[in-house]
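Me: Could you take a close look at one strand for me, going through a couple of its residues and what they touch?

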Amino acid sequence: QVQLVESGGGLVQAGGSLRLSCAASGRTFSWYTLGWFRQAPGKEREFVAAISGNGGGTTHYADSVKGRFTISRNNAKNTAYLQMNSLEPEDTAVYYCAAQSSPLSGSYYLSNVYRYWGQGTQVTVSS
């Protein structure tokens, strides 16, 4: 069982930055594939970024955030991060951290492969 708690959301002006954190419980955190998803009002939840476990460090990003967002993890702290730069109003959404015990695969962008989810943190970008 893994519990995830996101933090770091807030209100920021366009062009600004935020860093989201995802604190996880569980002794096997380093094995888990981690993902960030987001859901804007009236829209479906969408993939943002993913990072492999077991020290692989492989990352994937949605095209809409590539070059602006960076996913990382600190296994010693059982924490994952999403550094978000050059934020745009279109990035406004609730951001969710997710985890799965399977290795990173070609399905990394599908929300239904992730078993564990946090409660979400609101990010609002003003124009």
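Reply: Here's a walk along strand β4, one residue at a time. A quick note before that: this is a predicted model, where local features need pLDDT of at least 70, side-chain atom pairs count only at pLDDT 80 or more, and totals for chains, interfaces and linings use all residues. Residues are numbered from 1 along each chain as its sequence is written, and side-chain values use heavy atoms, with hydrogens and water left out.

Strand β4 covers residues 33-39 and includes T33 (strands are DSSP runs of E, at least two residues, numbered from the N terminus). T33 counts as buried because its relative accessibility is 0% (buried means under 20% relative accessible area, with a 1.4 Å probe and protein chains only). The T33 side chain has a polar atom 2.9 Å from the backbone oxygen of S102, and it also reaches the backbone nitrogen of L104 at 3.0 Å. Leaving out residues up to four places away in sequence, T33 touches, among others, I51, A98, P103 and Y114 (contact means heavy atoms within 4.5 Å).

R38 sits in β4 too, and this arginine is buried, with a relative accessible area of 5%. Its side chain makes a polar contact with the side chain of E46 at 2.6 Å, and another of 2.9 Å joins the side chains of R38 and Y95 (a polar contact is a pair of N or O atoms within 3.5 Å; within protein, one must be able to donate a hydrogen and the other to accept it, and residues adjacent in sequence count only if both atoms are side-chain atoms). The C-alpha atoms of R38 and Y96 are 5.8 Å apart, though 58 residues separate them along the chain.

Conventions
Helices (H or I, at least four residues) and strands (E, at least two) are DSSP runs, numbered from the N terminus. Buried means under 20% relative accessible area, exposed over 50%, partly exposed in between (1.4 Å probe, protein chains only).
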